[in-house]
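The following note concerns the charged pairs and the nonpolar surface of the model shown here. Please read the points alongside the structure.

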Amino acid sequence: MGRRLQLELWRLRLSGRGFAARSWRNAGFGSSGNRAFDEWREGELARLEEERRKLVAAEREFAEFLENLRHARDREEFDRFMQERRNQQGTTSI
C-alpha cells in the first residue's frame with residue numbers, strides 16, 4: 001500500500017468518515033460468554049472511542065491553526081507588496 005493511500009485512510013479514520021468510524025459496539029464484537037470480560041471490554045472500547053473523538057477534534061484544531069497561519073502569512077506578504085508598490089510609485093512620480 002502506498003504512503004499516500006495510507007495517509008488518506010488514516011485521515012478518513014480520524015475524520016469519522018472511514019470504515020473504522022463505525023461504533024466499536026457495532027464492529028462485530030459479540031458476547032464472550034464472560035460477563036465481567038464483556039463489561040471490561042465495553043468500558044475499554046468506550047474509552048478508546050472517546051480518545052478517537054479527541055484526536056479528531058485536535059486534528060480539526062490544528063488544521064484551523066495552520067489555516068490561520070497561512071492567512072496571516074498571505075496578509076503579511078500582500079501588505080509588504082502593497083508597501084513596496086506605493087514606495088515605487090512615490091519615487092517614479094517625482
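1. A residue is called buried under 20% relative accessible area, exposed over 50%, and partly exposed in between. With a relative accessible area of 44%, Arg-75 is therefore partly exposed. The model under discussion is a predicted one.

2. Arg-75 has a charged partner: its side chain meets that of Asp-79 in a salt bridge, at 3.5 Å from N to O. Asp-79 has a relative accessible area of 38% and so is partly exposed. The two residues are 4 positions apart in helix 2, and they are therefore separated by about one helical turn.

3. A further pair in helix 2 is formed by Arg-73 and Glu-77, whose side chains meet in a salt bridge at 3.8 Å, N to O. Because these residues are 4 apart in the helix, about one helical turn separates them. Arg-73 counts as partly exposed because its relative accessible area is 44%. Glu-77, with 41%, is also partly exposed.

4. Arg-47 is joined to Glu-44 by a salt bridge in which the closest N and O atoms are 2.8 Å apart. Both residues lie in helix 2, with a spacing of 3 residues, about one turn of the helix. How accessible is Arg-47? Its relative accessibility is 43%, so Arg-47 counts as partly exposed. Glu-44 has a relative accessibility of 26% and therefore counts as partly exposed as well.

5. The pairs above should be read against the total for the model. How many salt bridges does the structure hold? There are 11 salt bridges in the structure. As a general point, side chains of opposite charge can pair when their charged atoms come close. Beyond the pairs, a network of salt bridges links four residues, namely Glu-49, Glu-50, Arg-52 and Arg-53.

6. The surface also has a nonpolar feature. Which residues form the nonpolar patch on the surface? The patch consists of Phe-62, Phe-65 and Leu-69, and together these residues have about 320 Å² of accessible area. Phe-62 is located in helix 2, which covers residues 35–92.

7. In summary, helix 2 holds the Arg-47 and Glu-44 pair, and within helix 2 Arg-73 and Glu-77 are separated by about one helical turn, as are Arg-75 and Asp-79. Phe-62, a member of the nonpolar surface patch, likewise lies in helix 2.

Key:
Residues are numbered from 1 along each chain as its sequence is written. This is a predicted model: local features need pLDDT of at least 70, side-chain atom pairs count only at pLDDT 80 or more; totals for chains, interfaces and linings use all residues. Side-chain values use heavy atoms; hydrogens and water are left out. Patches are made of residues with over 30% relative accessible area and no salt bridge: like charges are joined within 9 Å, nonpolar side chains (Val, Leu, Ile, Met, Phe, Trp, Tyr) within 5 Å. Accessible areas come from the Shrake-Rupley method with a 1.4 Å probe; for residues, only the protein chains shown count as cover. Buried means under 20% relative accessible area, exposed over 50%, partly exposed in between (1.4 Å probe, protein chains only).
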